[in-house]
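Biologist: Hi! Could you walk me through this one?
Modeller: Happy to, here it comes.
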Amino acid sequence: MPTTSSLVDLIDRFRRVIRAELESGGADRVVTGGLDRFLANWRREAAARDLLVKFPEIESYAALDPISRTLWLEQALEWADRTEVALRPPSAPAPQPATPRRPARRPAVPPLSPADPVIKIPGVDRITARRLGRLGIQTVRDLVYHFPFRYEDWSRVRKIAELRPHEQATVVGRLIAIQATRLGARGLPATEALVADDTGTLRVVWFNQPYLARTLKTGTTLVLSGRTEYFRGAKVFESPEYEVYDSADELLHTGRIVPVYRLTEGLSPKVLRRAIKTVLDACLDLLPDGLPQWLRAEFDLVDLATALRQMHFPDDYAALQAARRRLGFEELFNIQVMVLCRRQKAVARATAPELRLDPGLKAAFIESLPFKLTAAQERVMAEILADLGRDRPMNRLLQGDVGSGKTVVAATAMLAAVSSGCQAAMMAPTEILAEQHFNTLVRLFSGLGEDRRPRLGLLTASFARVWPAPRLALTDADPAEADSRVRRDELYGLLEAGEVNIIVGTHALIQETVSFARLGLVVVDEQHRFGVVQRSALRRKGENPHVLVMTATPIPRSLALTLYGDLDLSIIDELPPGRKPVRTKLVDPERRHRVYQFIRDQVSRGFQVFVICPLIEESEVLQVRAAEAEYDRLRTEVFPDLRVGLLHGRMVAAEKERVMRAFRDRELDILVATPVVEVGIDIPNATVMLIEGAERFGLAQLHQLRGRVGRSEADSYCILLTENASAEAIERLRLVEGSHNGLELAEADLRMRGPGEYFGTRQSGLPDLKVAQVSDLSLLELAREAARRLLTRDPDLTWPEHQAIARRLQELPPSVETS
């Protein structure tokens with residue numbers, strides 16, 4: 001009967017040979033005659049001692065390829081270890097391999113300033129600096145605020161034996177074999193390796209990275225993060241993230257929640273992560289915290305250094321959430337401080353004229369209207385007239401769907417200005433919209449007695465008109481316009497003398513040659529179409545005039561608080577009775593021929609049609625219909641017998657006006673256009689709105705486009721056609737199909753696509769939000785409350801701990817102009 005010690009010695013001799021062979025790279029030169037001869041002799045000796053050998057049998061070790069040799073050698077060693085443990089008396093457990101841990105101290109990094117160029121960062125050469133520049137990263141501070149757009153969770157560390165199929169996990173093991181090879185039918189270059197821990201072995205393949213066979217050395221401890229697959233019964237990681245494990249360094253690419261950043265050509269994720277880690281270690285303490293300690297305590301916010309570090313390299317999801325909350329809060333807080341400061345200044349500045357509408361004039365005007373006001377119109381009218389009657393400048397946003405009756409409310413406000421001896425100015429973004437407003441006001445005021453009618457003016461680049469006609473009207477004018485056309489300088493004189501009470505116009509109103517006798521009210525329609533300079537220039541034509549901003553864009557409350565926090569909000573949330581909803585239908589592309597037949601039927605009945613395309617020109621990248629190509633196709637192939645027009649944003653203003661007038665005057669049957677028609681064109685005879693590539697539009701924009709039809713008693717239709725819409729896009733479009741509530745759609749739009757769908761960051765003055773979501777109403781209202789508390793304590797932001805906030809406000813772009 002063999003003794004335990006003799007069996008252990010036999011196994012130990014086997015282990016020494018197998019380990020030596022493994023360390024030699026499987027060259028089969030460790031023993032004379034090769035490993036096959038050694039194994040045959042050793043098996044005979046083991047059998048003689050009644051030792052049961054259960055490691056995998058092989059026909060010939062010499063016939064195996066290098067990776068298979070290594071795999072077999074590892075399995076043989078595992079058998080030897082298990083068998084020896086079973087034969088020996090119980091003993092202390094073997095030490096476990098190292099697992100990822102965070103080091104107690106960070107490596108020293110040369111001092112860096114947030115303002116330093118990125119070229120000063122250790123490890124960043126000129127080529128890398130240029131690549132970072134393509135991402136808009138010029139300074140150390142830029143790099144600190146280049147946040148991940150998502151994260152990979154490699155924090156689950158597993159033993160190799162514990163890996164489950166398709167699980168994303170991290171393993172720590174010793175590299176026992178590696179070679180460059182070619183794989184697959186096409187012979188793709190790759191690196192193939194074998195990694196082991198105390199529980200098993202793992203095959204690793206990196207495709208298109210043959211250089212790893214030279215850079216990674218056997219015996220190295222690797223941390224690998226990837227997805228577990230199986231190939232011929234063996235566990236495999238394909239192209240995992242990896243890094244060499246060093247207990248003195250913090251893991252950046254594996255074994256943790258790993259940040260994923262937006263990159264550019266030539267910039268690898270590892271290079272960017274290392275650069276960001278370097279600057280975080282070097283300069284976080286040099287970045288001043290923009291939120292004072294008292295505010296962080298009251299609103300349970302982490303400090304800036306913690307937030308930035310956890311945003312990039314979070315310890316866990318709770319720490320990441322706390323970082324996002326802090327940084328998002330700060331972005332929204334800065335905006336709220338800005339708009340509340342602006343509102344505070346508006347209240348404190350010089351008094352505005354008190355505009356009171358004579359009760360008799362108001363009653364006569366409302367009674368003269370050919371329709372009954374809705375309850376929403378009456379409510380909003382009361383809010384505006386109350387503001388106008390005070391000696392502080394009104395700053396109010398009037399929101400309502402197309403056709404909700406905003407113009408008559410604005411007309412009442414302008415009548416109040418005239419009733420109080422002041423003038424009113426209304427600025428619209430296009431000539432045709434300005435002319436439309438002028439004609440609407442003429443109709444609205446025509447019911448008043450001649451002695452009560454205000455005198456209206458129209459001023460654009462093409463027109464100068466007055467109603468009722470002055471005595472100095474041109475005698476050689478067209479008979480249809482002889483009662484209203486005047487020379488431009490004559491209209492200037494009437495305005496300056498106060499003989500024109502209400503002027504409607506485009507940006508022509510802000511010319512230096514235009515001056516007012518006493519401007520008391522400014523009305524801006526679709527204000528996001530104007531720049532801040534244009535809006536403020538019109539306001540400066542008077543002394544602290546009241547301001548009414550109108551928009552047909554449905555604006556969610558959260559976005560209104562962000563963009564227009566310095567404005568009071570009035571919403572006309574009710575359409576006039578009897579207006580028919582536009583029938584909306586999402587149609588499959590293969591039914592396009594039926595849509596065209598429907599259009600032909602509508603035109604044959606005397607109606608007109610809009611066809612909206614998302615682009616102007618064809619794109620090889622975006623498979624969507626473009627206006628120019630669609631215009632050519634429709635007029636030559638589909639509707640050669642109909643009158644088809646084209647309208648897009650690149651056309652010069654005069655040509656756009658000509659096309660819109662032709663469509664308004666029924667000289668065209670079909671108008672192919674980009675979303676330039678979203679605002680301003682009123683065609684009651686149009687009954688069909690066909691929107692191509694509907695999946696490329698936001699819900700709020702689709703709702704506004706739909707509002708271009710349904711302006712008469714005739715049934716109207718909005719048809720949504722898609723090209724290559726995803727299931728998510730189809731779900732969004734179903735919302736438009738089923739709802740006519742603009743605010744409801746706007747809220748959904750904001751949640752799904754963000755604030756860019758409304759005005760775009762640059763147009764709106766909304767700062768570039770890196771972390772915050774404007775749709776997060778609860779965080780937005782928390783930030784607004786914090787801004788209120790700050791300005792209550794320190795209205796002028798003069799306290800030392802508030803200087804960082806004051807400096808930050810100077811960097812923010814202006815929002816709605818109220819100064």
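Biologist: Which residues in H14 meet Glu657, Met660, Arg661 and Arg664 in H20?
Modeller: Glu431, Ile432 and Glu435 do, where contact means heavy atoms within 4.5 Å. This is a predicted model, where local features need pLDDT of at least 70, side-chain atom pairs count only at pLDDT 80 or more, and totals for chains, interfaces and linings use all residues. Residues are numbered from 1 along each chain as its sequence is written, and side-chain values use heavy atoms, leaving out hydrogens and water.
Biologist: By class, what residues does the contact of H14 with H20 have?
Modeller: Two nonpolar, no polar and five charged residues.
Biologist: OK, new topic: which residues of H22 are buried?
Modeller: Ala729, Arg732, Leu733, Val736 and Glu737 are buried, meaning under 20% relative accessible area (1.4 Å probe, protein chains only). Seen down the axis of H22, these buried residues fall within an arc of 150°, so they line one face of the helix. The arc is taken from the directions from the helix axis to the C-beta atoms.
Biologist: And which ones are exposed on the other side of H22?
Modeller: Ala727, Glu728, Glu731 and Gly738 are exposed there, which is over 50% relative accessible area.
Biologist: Where is the cis peptide bond?
Modeller: The bond from Trp467 to Pro468 is cis, with omega near -15°. Pro468 is in the loop between strand E12 (464–467) and helix H15 (488–496).
Biologist: What about the phi of Arg666?
Modeller: Its phi is near 65°, a positive value in a residue other than glycine. Arg666 lies in the loop between H20 and strand E20 (670–673). Helices (H or I, at least four residues) and strands (E, at least two) are DSSP runs, numbered from the N terminus.

Methods:
Nonpolar A, V, L, I, M, F, W, Y, C, P; charged D, E, K, R; others polar.
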